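Here is an explanation of how chains meet in this structure. It follows two interfaces in turn.

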Protein chains: 4
Amino acid sequence: MTSDALFGPIFAPGALRAAVSGEAWVRALLDVEAALAAAEAEAGVIAADEAQAVADACAGAPPDPERLGRAGRAGGNPVIPLVAELREAAPAAHCGATSQDVLDSAAMLVARRALAVVLGELDGVAAACAGLAREHRATPMAGRTLLQQAQPITFGLKAAGWLAGVADARAALRAVRLEAQLGGPAGTLAALGDRGPAVLAGLAARLGLAEPALPWHARRGRVAALGSALAVAAGACEKIALDVVLLAQSEVGELAEGGGGGSSSMAHKRNPAAAVRARAAARGARAAAGVLLEAMAAEHERAAGAWHAEWSALSGALAGAGGAAWCVRESLDGLVVDPQRMRANLDALLALAGEDPGLGSADAFIDRALAEAGA
Amino acid sequence: MTSDALFGPIFAPGALRAAVSGEAWVRALLDVEAALAAAEAEAGVIAADEAQAVADACAGAPPDPERLGRAGRAGGNPVIPLVAELREAAPAAHCGATSQDVLDSAAMLVARRALAVVLGELDGVAAACAGLAREHRATPMAGRTLLQQAQPITFGLKAAGWLAGVADARAALRAVRLEAQLGGPAGTLAALGDRGPAVLAGLAARLGLAEPALPWHARRGRVAALGSALAVAAGACEKIALDVVLLAQSEVGELAEGGGGGSSSMAHKRNPAAAVRARAAARGARAAAGVLLEAMAAEHERAAGAWHAEWSALSGALAGAGGAAWCVRESLDGLVVDPQRMRANLDALLALAGEDPGLGSADAFIDRALAEAGA
Amino acid sequence: MTSDALFGPIFAPGALRAAVSGEAWVRALLDVEAALAAAEAEAGVIAADEAQAVADACAGAPPDPERLGRAGRAGGNPVIPLVAELREAAPAAHCGATSQDVLDSAAMLVARRALAVVLGELDGVAAACAGLAREHRATPMAGRTLLQQAQPITFGLKAAGWLAGVADARAALRAVRLEAQLGGPAGTLAALGDRGPAVLAGLAARLGLAEPALPWHARRGRVAALGSALAVAAGACEKIALDVVLLAQSEVGELAEGGGGGSSSMAHKRNPAAAVRARAAARGARAAAGVLLEAMAAEHERAAGAWHAEWSALSGALAGAGGAAWCVRESLDGLVVDPQRMRANLDALLALAGEDPGLGSADAFIDRALAEAGA
Amino acid sequence: MTSDALFGPIFAPGALRAAVSGEAWVRALLDVEAALAAAEAEAGVIAADEAQAVADACAGAPPDPERLGRAGRAGGNPVIPLVAELREAAPAAHCGATSQDVLDSAAMLVARRALAVVLGELDGVAAACAGLAREHRATPMAGRTLLQQAQPITFGLKAAGWLAGVADARAALRAVRLEAQLGGPAGTLAALGDRGPAVLAGLAARLGLAEPALPWHARRGRVAALGSALAVAAGACEKIALDVVLLAQSEVGELAEGGGGGSSSMAHKRNPAAAVRARAAARGARAAAGVLLEAMAAEHERAAGAWHAEWSALSGALAGAGGAAWCVRESLDGLVVDPQRMRANLDALLALAGEDPGLGSADAFIDRALAEAGA
């Protein structure tokens, strides 16, 4: 029911779109409810057969996202109707939890699953950059500053710079700590007596998430930092896409995309369509990161609106960053490099500059970038 | 394939979600192609039966958005495969146009159709505010500044202020000029010879859009201004929602939502869920407006990425602004006002302040706000 | 005490920086206090000699902004200490007003004075664009889409598109309605009895500002809309700067800035430094516009933080938009156009495309753009 | 020449404003030039006495920032005129470097010096939170969700949540890696032959900055990540400020600021002015972070505008984050807690809820938060 049905496939891969889809969120919500029940059974909060009933209910056919969304309108989130349905089959479901416990934990599951796709795409971009850095270590081209030819570089050095940016962003995303959420209505886990920490630990372990020191219902720095790290990753891809688009200009002609996007009206054009798409995808990630930063201003124990804005924004940040990486990877994997044109453009510069300053430490910098990226 | 399937119904009405859906975009694309062919037939660019063939092709079963989106990946937009399909049945389709002509004109159609919903919701909000301003003209309450009780006002004055904000935003949206787009590959309408302006005028007339002085492929100020106007409308709703949420606080207790969002864990709570949802929806509109402003930096005759980022952002700005209005309208339409509690809170202030400064020009200001809003 | 001392002169003209300086704000605050006293004397709220005392106090040496700022820390705004000082000499000062009345009215004065500079710069940009559109009506060049050569245009058509964008943005800024603010502590003008509207009208008239229907302490749509209009103007300039930077690329070589920024290390370079500066300035305006949109979420009768964020943001939006225009004007005024290079690049395109599609309606569009802009 | 002279002292401490001032930037630029010369002398690039001449020139009276800024307009940055002046006294200055080398390295110096202030303020906030968490471990109050009373918590638990947010943000800022910049015109250090890496290492060591694997002229992820980390820190402070403002509401009355901002018109009010100021300061940091994220899209070897937008944005992110912390620290250091009012508000909730769910794991969570924060 959004424009994403039409535009989404252009900017993000199917696996990533699936990972942040309504279905994926519903799946994650059910996974959290099942894990919570299991952790509570282990801690003696509910009985083992009660937990089994929850597990069975969560393993059944998942509810339709649209229907659940409409049912969630009255209470402002989809967990309320989901729990009502679960409890018909398994009355012990959601014991001691609040909606946000389940939604936040599910968000972290969604993030982890989507991040696997994002990181896979970033790995692909990094590998492509490393390949170009090695292959074109000795391919001279004009270095350009303020969009003016400045001094010689090699295409390998440029690719090494791309690699370093992606590797940095990837390292930051790999280091992200995704925590389970469990606090109950006000963050005290009141209904669990003194077994709260045990259930929290059990939930986190079952979900493969980290255990927080205390509930983070209204402490959203980690979510905001995740959003920013995704925006930085998107930015690292955007930089590559920008360079590709510029080097593919008719007058520069040093790069072309192998696929080469056609035109509905001009047969001679070979648009760098994948790089163009990457630039658009990255902007979506940046806008979403802004929403997540603003959401840190959360009232009291659970926020009245800021939190609700996170759900789409987190999905959008993941799709935008991973989409940008996917598009850039496509751009680089089919990249056609024209060393002759690079040489010719460089010669024009050198003729103008009157002397060749040489390549300085270009090679050493390539080696250092490859080493730091582990590539 | 996005989280919107689950979360969308919470934050925007079905009619608005439909108006910005992939299906609606495809419908608009087909409407533009048909109108273009008709205008070109009228101007003698193509034959009448050729135009009829286009009309017939556009009237058939529309292509599936997801399929079209995937097919649009290679070229970076969905018009390229759409035109390819149309031309199989109607070779004269898309004559002299570029993808962006069709997509931009379709975007303005989508905007016009969605704006009708947005404006309808804003009308509802304005009517609710005007009703409250009249009904509670003489209902005293504490005015609060920096969240501290300050001096007496009336609830009618507060509602009059809400009204004025919404009316301003509505007037700005009503004044938006939505223009058809037609420029051909580079904005000259080269393929149309000297009949370009006539076809442009005919296209605009048929679509019910305004005629631009010249193509605006890379002149995106009007799109950005539309996004900002939507964000301002969202902000006017957000302000109301914020006040409702604050006045519904347990310790204040002056307002409550009739629906009253339940809680998955606390039976006694009556959350102002509609106002909370409005606050989240509004943030989406703001983020989208930022993307549209950034998209003004468009390269040369048609941009390489900035434009592509507009499609989702425009849809999001419309959904966010209309969604915020829809949620606030729901909040206000069922609003339960507690004049006794207002009086009691005010008395506490007056006891502290030591004297009653009176209501000054509150009544006059209410009258002026009602008059200016035409309410 | 900010980095602006060093960087400000690079991105905004002195007159504009002065117009949004601390001194200018203090001047405006004093102007408002004097006008308020005069309006109140006229309405019989205070005596004529009391108003004269206020006028005399406001005409004295203005307080140092830094000192006033430090004194305003305790109360959270600089009007509180300013009023305390004024009242020592003129006890009738600030009668019935609240800090925000004075600061908001002063903000509108600052905006009006700075807008005069911004509009002057935009006029200069528009004139330069119109001149180029006329002069290069018959200068063919390659139109470029997705940064690929596409079809012929003329440089005049490109400049006409620039003109249209700037003219639109200028028209929106000219239409901005700047309103005086007067509401007293809670927006009722309680202390003025039934003379509130008369004093408000008198204040507005004296300040040359519009009279609002009712106070707008917590209704910030007009401020947000002003910020957005400034960002749109900045964007219109940014688009021109982007095109200049791209056309000045070594490999394209169709434009150069007359001034031509030097380099600290490369003598042969001629950087399009003014266009580069414009691009940076525009981003500042956009970021500030975002702050102003967010500030619409204002609590109750006067906001607790959102309003306080407006002061710098409004100043920044004005400086950013006017600065972008100033830099672009500088870029265009000294622009060196190379029709031979344009012709050569176009010939390369035409050789590739195989046929010359002609210039279509380029001339007609130039005429229409000039007419619409009144240029 | 900006509004900062008036408004700056309200939102950021003098030491921080000084650390990001034009004077501080000029000082840092000179420090970099001196360190570069020393590193080059050590590597045998220039002679020892040449380096001494540079050191002497840099140790002289620093140029006026405004004058330097004006002189930097033509070239688009202030390093160009600075180097010209230095070279009059010390011709070996700036050998092999480009403007951006010096400005970027200086930016990292400015960041390090300003971060010391920011971290100091965050330490103060963390200490205040830890103190409140310990002191009010057994002070019950109402937990509030969606701004409705929900279940009991303790004020100590709330403060522990604040602490955890600040401690996380502080840890991220402490881990920031600030790298020296040295690449020469195109990132190859061409002029330094094979001594480039040695000079880079020496420069970094002398400046106390980290050594990058390769120049990062157009790889801005670390700058963007720094901006985001500052925005997250600002957000952690904003959350505290929001809670303080809400708990200080007249009707809640559980907290008050000791200082208590006065009002220009209402003697009875005690505004939580420091928390209000914090909320405004934080927004500035967020807006600046957005500019830095956008700046990652940097063209080729050195960007044409994106980089230029960083200078003010970085200064603003530092001032905004540190300013928010400074204001929150002031708010918390003088905080007046009213346990009786907390108790009374909680009793009202418990009467409504019908039963007391107890405090669950509140104490355990406080201990864990204190331990994790090392407090």
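Contact here means heavy atoms within 4.5 Å. The model is predicted, so to speak of local features requires pLDDT of at least 70 and side-chain atom pairs count only at pLDDT 80 or more, while totals for chains, interfaces and linings use all residues. Residues are numbered from 1 along each chain as its sequence is written, chains are lettered from A in the order in which they are written, and side-chain values use heavy atoms, without hydrogens and water.

Chain C and chain D each bring 69 residues to their contact. About 5400 Å² is buried between chain C and chain D, with 61% from carbon and sulfur atoms; buried area is the accessible area (1.4 Å probe) that two parts lose on being put together, summed over both. Between chain C and chain D there are 10 salt bridges, each a side-chain nitrogen of Lys or Arg within 4 Å of a carboxyl oxygen of Asp or Glu. One of them joins D:Arg286 to C:Glu294, at 2.8 Å from N to O.

The contact of chain A with chain D takes 72 residues from chain A and 72 residues from chain D. Chain A and chain D bury about 5900 Å², and carbon and sulfur atoms account for 63% of that area. The interface of chain A and chain D holds 8 salt bridges. Among them is the pair A:Glu211 and D:Arg368, whose closest N and O atoms are 2.8 Å apart.
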